[in-house]
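Work through the following exercises with the sequence and the model side by side. Try each task before reading its solution.

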Amino acid sequence: MGDRVRDESTGQFVEKHPPEEFVDAIQDLGGSAGTSEIADAVGAEYDAAYKKLRNLADAGQVEKQKVANANLWRLAGENSDE
């Protein structure tokens, strides 16, 4: 099946780009970035990156802000009073 890799212990397919890569990319890009920038940093297609970021937002790990026609993503809790 192409380049998909299975975990040897579970037999399940391994995610090509785990969620942690997207969180790390946002941090590496200065704490906030657009979908395209994050996709490029991770090496993922735009649609796959958007879906992963949306799932992270649903889980409360990142926040999305609509800016004109773009989405700006940042880590949840950033810019809050510490």
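**Exercise 1. Determine how β1 and strand β3 pair, and then place both in their sheet.**

Step 1. β1 and strand β3 (residues 70-75) pair in the antiparallel sense over three bridges, where two strands pair if DSSP finds at least two bridges between them, and where strands (E, at least two residues) and helices (H or I, at least four residues) are DSSP runs numbered from the N terminus. This is a predicted model, in which local features need pLDDT of at least 70 and side-chain atom pairs count only at pLDDT 80 or more, while totals for chains, interfaces and linings use all residues. Residues are numbered from 1 along each chain as its sequence is written, and side-chain values use heavy atoms, with hydrogens and water left out.

Step 2. Within this pairing, Gly34 stands opposite Leu72 in β3.

Step 3. On the other pairing, β2 and β3 are joined in the antiparallel sense over six bridges, and Lys64 has Trp73 of β3 as its bridge partner. The two strands form a hairpin with two residues between them, and Ala68 in the turn has a positive phi of about 55°.

Step 4. Put together, the strands make an open sheet of three with the order β1-β3-β2 and antiparallel pairing. Because β1 (32-34) and β2 (62-67) each have a single partner strand, they stand at the edges, and one side of each is left without a neighbour in the sheet. From one strand to the next, the twist averages 25°, an angle taken, like the others here, between N-to-C directions on a scale from 0 to 180 degrees.

**Exercise 2. Describe how α2 and α3 pack against each other, and what surrounds Thr35.**

Step 1. The axes of helix α2 (residues 35-42) and helix α3 (residues 46-58) come within 9 Å and cross at roughly 105°. That makes α2 roughly perpendicular to α3, a term used for angles of 65 to 115 degrees.

Step 2. Thr35, Ser36, Ile38 and Ala39 in α2 meet Tyr46, Ala49, Tyr50 and Leu53 in α3, contact meaning heavy atoms within 4.5 Å. By class, this contact of α2 with α3 has six nonpolar, two polar and no charged residues.

Step 3. Thr35 counts as buried because its relative accessibility is 3%, and the cut-off for buried is under 20% relative accessible area (1.4 Å probe, protein chains only). Not counting residues up to four places away in sequence, Thr35 touches Tyr46, Ala49, Tyr50, Leu53, Asn71 and Trp73.

**Exercise 3. Find which elements supply the largest nonpolar core, and follow Phe22 into its surroundings.**

Step 1. The largest nonpolar core has 15 residues, and those with the most contacts inside it are Phe22, Ile26, Ile38 and Leu53; such a core is a set of buried Ala, Val, Leu, Ile, Met, Phe, Trp, Tyr and Cys residues joined through side-chain atoms within 4.5 Å.

Step 2. α1 (19-28), α2, α3 and β3 each supply at least two residues of this core, and the largest share, four residues, comes from α1.

Step 3. Leaving aside neighbours within four places in sequence, Phe22 is in contact with His17, Ile38, Val42, Ala44, Ala49, Lys52, Leu53 and Leu56.

Conventions. Angles under 35 degrees count as roughly parallel, over 145 as roughly antiparallel, 65 to 115 as roughly perpendicular and the rest as oblique. Ala, Val, Leu, Ile, Met, Phe, Trp, Tyr, Cys and Pro count as nonpolar, Asp, Glu, Lys and Arg as charged, and the others, Gly among them, as polar. Buried means under 20% relative accessible area, exposed over 50%, partly exposed in between (1.4 Å probe, protein chains only).
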